[in-house]
Amino acid sequence: MLENILLNQLKTAFEKNLDKVVLKNTFKIKLFLDVLKAEGFILGYTLQDDYLIALLKYNNSIPAIQNIKTFSKISTPYYVKSKKIIEMIKRNKNSIFLVRTSKGLLSNKDILTYKAGGILLARLQ
């Protein structure tokens with residue numbers, strides 16, 4: 001899954017205290033970065049040639065994303081019903097869940113608004 005590759009690149013960049021990460025310019029990656037920016041995990045991104053430059057966010061030298069747990073793999077997507085993901089959100093108040101749905105890539109607020117289930121991609125802390 002493209003999302004897992006992106007999450008692994010971000011995780012590695014944060015572990016190495018890099019200030020930016022260079023990503024392939026695709027529509028899906030732009031949408032993913034839009035969600036990460038809206039949730040405050042990155043400062044933003046810019047377009048340079050055929051690449052996206054994601055600007056990583058730190059708070060007093062502490063990465064905005066300290067922990068990434070992925071759930072779905074290419075061979076085995078992890079489907080969750082709306083009730084289950086809503087329970088997970090309520091139990092893990094300091095986490096942001098990313099779910100791919102028919103409405104697009106959603107994070108906690110949108111999941112609760114739309115009461116949507118789908119493919120659970122990751123939990124970010």
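Here are legends for several close-up views of this predicted model.

**View 1. Helix α1, from residue 2 to residue 15.**
Let's start with α1, a helix of 14 residues. From the first C-alpha to the last it reaches 20 Å, close to the 20 Å expected at 1.5 Å a residue. Which residues of α1 are buried? They are E3, N4, L6, L7, L10, A13 and F14. As a reminder when looking along a helix, there are 3.6 residues a turn, so residues three or four places apart point the same way. Once α1 is over, N17 follows, and its phi is positive, near 55 degrees.

**View 2. K16, in the loop between α1 and β1.**
This one looks at K16, which sits in the loop joining α1 and β1. Is K16 buried or exposed? With a relative accessible area of 58%, K16 is exposed, because exposed means over 50%. If you want a sense of scale, pick R123 as the other end: K16 and R123 are 107 residues apart in sequence, and their C-alpha atoms are 20 Å apart in space.

**View 3. The open sheet of three strands, β1-β3-β2.**
Here the strands take the order β1-β3-β2, and the pairing is antiparallel. β1 (20-24) and β2 are the edge strands, each pairing on one side only. Going from one strand to the next, the twist averages 25 degrees. How many bridges join β1 to β3? There are five, with the two strands running antiparallel. Within this part of the view, V22 stands opposite I53 in β3. Helix α1 packs on the sheet as well, touching β1 and β3, and its direction makes about 160 degrees with that of β1. Zoom in on β1 and you can tell its two faces apart: V21 and L23 make up the covered face, while K20, V22 and K24 make up the uncovered one.

**View 4. Where α1 meets α2.**
Now for the pair of helices. Helix α2 covers residues 27-38 and lies across β1, β2 and β3, running at about 150 degrees to β2. The axes of α1 and α2 come within 11 Å and cross at roughly 50 degrees. That angle makes α1 oblique to α2. As for handedness, α1 passes α2 in a right-handed crossing. Which residues do the touching? From α1 come L2, E3, L6, L7 and L10, and they meet K28, I29, F32 and L36 in α2. Several of these names should ring a bell from the first view, since E3, L6, L7 and L10 are among the buried residues of α1.

**View 5. The β2-β3 hairpin and its turn at D49.**
β2 and β3 pair in the antiparallel sense over six bridges. Together they form a hairpin with two residues between them. Next to the turn, Q48 has Y51 in β3 as its bridge partner. D49 is found in the loop between β2 (42-48) and β3 (51-56). What is special about the backbone of D49? Its phi is positive, at about 55 degrees, although D49 is not a glycine. D49 is also exposed, with a relative accessible area of 69%.

**View 6. S61, in the loop between β4 and β5.**
Another loop, another positive phi. S61 is found between β4 (58-59) and β5 (62-63). Its phi is near 70 degrees, a positive value in a residue other than glycine. Is S61 buried or exposed? S61 has a relative accessible area of 64%, so it counts as exposed.

**View 7. L120 and its surroundings in strand β10.**
The last view takes us to L120, in strand β10 (residues 118-124). L120 counts as buried because its relative accessibility is 0%. Which residues is L120 in contact with, leaving aside its neighbours within four places in sequence? The list is F71, S72, Y78, V80, I85, M88, F97, L98 and V99. One of them, Y78, is worth a closer look. L120 and Y78 are 42 residues apart along the chain, yet their C-alpha atoms are separated by 5.6 Å.

Technical notes: Residues are numbered from 1 along each chain as its sequence is written. This is a predicted model: local features need pLDDT of at least 70, side-chain atom pairs count only at pLDDT 80 or more; totals for chains, interfaces and linings use all residues. Side-chain values use heavy atoms; hydrogens and water are left out. Helices (H or I, at least four residues) and strands (E, at least two) are DSSP runs, numbered from the N terminus. Buried means under 20% relative accessible area, exposed over 50%, partly exposed in between (1.4 Å probe, protein chains only). Contact means heavy atoms within 4.5 Å. The expected span of a helix is 1.5 Å times one less than its number of residues. Two strands pair if DSSP finds at least two bridges between them. Axes are lines fitted to C-alpha atoms, for helices over the stretch in contact, and angles run from 0 to 180 degrees between N-to-C directions. Angles under 35 degrees count as roughly parallel, over 145 as roughly antiparallel, 65 to 115 as roughly perpendicular and the rest as oblique. A crossing is left-handed if the near helix is turned anticlockwise from the far one by less than a right angle, and right-handed if clockwise.
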